[in-house]
Amino acid sequence: MIQIEIDKGSGFCFGVTTAINKAEEELANDRTLYCLGDIVHNGIECERLRQMGLVTINHHDLYNLKHVKVLLRAHGEPPQTYQIAKNNNIEIIDTTCPVVLQLQKRIKKQYDNCPDAQIVIFGKNGHAEVLGLVGQTNNQAIVVENIEDVCRLDFSRDIYLYSQTTKSLDELHRIIEYIQEHITPGATFKSFDTICRQVSNRMANIAAFAARHDLILFVSGGKSSNGKVLYNECLRVNPNSKQIESSEQIDMAWLQDINTVGICGATSTPKWLMEECRDVIMKRINEKE
């Protein structure tokens, strides 16, 4: 009989859990609730909440709404969003993750104190969290996604480096080393490790989990940056790792000659979805027998 284990360390992080709990609380009171952007980078969880009444909107929609409630998700928002809400008499339910909120404040303070320096954010261009961080600098911060982007910095000017909270710690260290090697004498370079430890600690944990199973099913939405990082770590440790978004994508051929299956996921993956994947596998095995 195939043994299936769900990784206890996988599933929603604190910030996502708080946002979803708050949305469910508001929706339980039959209140109309809007959410600015997908509440979590997982289409199936977003659909579950949509069926409960959550209405997902974009920033253009926000301009046209008045006298309503809008939830700001864990990723955070730039100052402009709060100003629009104030102008339109919108009640904000702010579920910005405390880690992200603290980072926003640090970047704003740095920008206010050193407006002529290069404030650099290691992150994904266009990512919701990164847009909120860049917004703290009047959109002057420079976003770098990789070493190629870093090459284009002006190394004769001061550089203050921050990171999106869900990026890889190893990648951040490589970028720090590159800047240290190229910064001009006399220019200031300071780096700040702003990666969330609840997220970064999952790297070592998920590597150990992936190593002890014959097959890994990594459950994650395609939009999740954190999911991409963790899945790549699973692949590095265990080449027999498959990324799926739902139980419908499970191919039972993957389980041939397999003794143990590990099911894990991103910080945006609900626990119930991983459990559903386990249950579908067990049901199909039992039907075969």
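This briefing covers a parallel sheet, the helices that pack on it, one residue of helix 5 and two loop residues with positive phi. The model is a predicted one, and every value below is computed from it. At its centre stands an open sheet of 4 strands in the order 1-12-10-11, paired in parallel, with helix 11 lying across strand 1, strand 10, strand 11 and strand 12.

**The sheet**

- In the open sheet with the order 1-12-10-11, strand 1 and strand 11 form the edges, each of them pairing on one side only.
- Neighbouring strands of this sheet are turned against each other by 20° on average, when direction is ignored.
- Strand 1 (residues 3-6) runs parallel to strand 12 and is joined to strand 12 by 4 bridges, and within this pair Ile 6 stands opposite Ile 263 of strand 12.
- Ile 6 also belongs, with Ile 4, to the covered face of strand 1, whereas Gln 3 and Glu 5 make up the uncovered face.
- Strand 10 pairs with strand 11, again in the parallel sense and over 4 bridges, and Leu 217 is placed opposite Lys 242 in strand 11.
- As general background, the strands of a sheet pair through backbone hydrogen bonds, in either a parallel or an antiparallel manner.

**Helices packed on the sheet**

- Helix 9 (residues 197-211) packs on the sheet through contacts with strand 1, strand 10 and strand 12, and its direction makes about 160° with that of strand 12.
- Helix 11, which lies across strand 1, strand 10, strand 11 and strand 12, runs at about 175° to strand 1.
- Helix 11 comprises 18 residues (271-288) and reaches 26 Å from its first C-alpha to its last, close to the 26 Å expected at 1.5 Å a residue.
- The buried residues of helix 11 are Leu 273, Met 274, Cys 277, Ile 281 and Ile 285; because these residues cover an arc of only 120° around the axis, they lie on the same side of helix 11.
- These buried residues pack against strand 1, strand 10, strand 11 and strand 12, and also against helix 2 (43-52).
- On the face of helix 11 that is turned away from the buried side, the exposed residues are Lys 283 and Glu 287.

**Arg 106 in helix 5**

- Arg 106 lies in helix 5 (residues 98-113) and, with a relative accessibility of 34%, counts as partly exposed.
- When residues up to four places away in sequence are not counted, Arg 106 touches Tyr 162, Phe 192 and Thr 194.
- One of these contacts, Thr 194, is 88 residues from Arg 106 in sequence, while the C-alpha atoms of the two are 9.9 Å apart in space.

**Loop residues with positive phi**

- Most residues other than glycine have a negative phi, and it is against this background that the next two residues are listed.
- Asn 139, which is not a glycine, has a positive phi of about 65°; Asn 139 sits in the loop between helix 6 (128-134) and strand 7 (142-144), where its relative accessible area of 57% makes it exposed.
- Asp 257 likewise has a positive phi, near 60°, in a residue other than glycine; Asp 257 belongs to the loop between strand 11 (241-244) and strand 12 (260-265) and counts as exposed at 81% relative accessibility.

Technical notes:
Residues are numbered from 1 along each chain as its sequence is written. This is a predicted model: local features need pLDDT of at least 70, side-chain atom pairs count only at pLDDT 80 or more; totals for chains, interfaces and linings use all residues. Side-chain values use heavy atoms; hydrogens and water are left out. Helices (H or I, at least four residues) and strands (E, at least two) are DSSP runs, numbered from the N terminus. Buried means under 20% relative accessible area, exposed over 50%, partly exposed in between (1.4 Å probe, protein chains only). Two strands pair if DSSP finds at least two bridges between them. Contact means heavy atoms within 4.5 Å. The expected span of a helix is 1.5 Å times one less than its number of residues. The arc is that of the directions from the helix axis to the C-beta atoms. Axes are lines fitted to C-alpha atoms, for helices over the stretch in contact, and angles run from 0 to 180 degrees between N-to-C directions.
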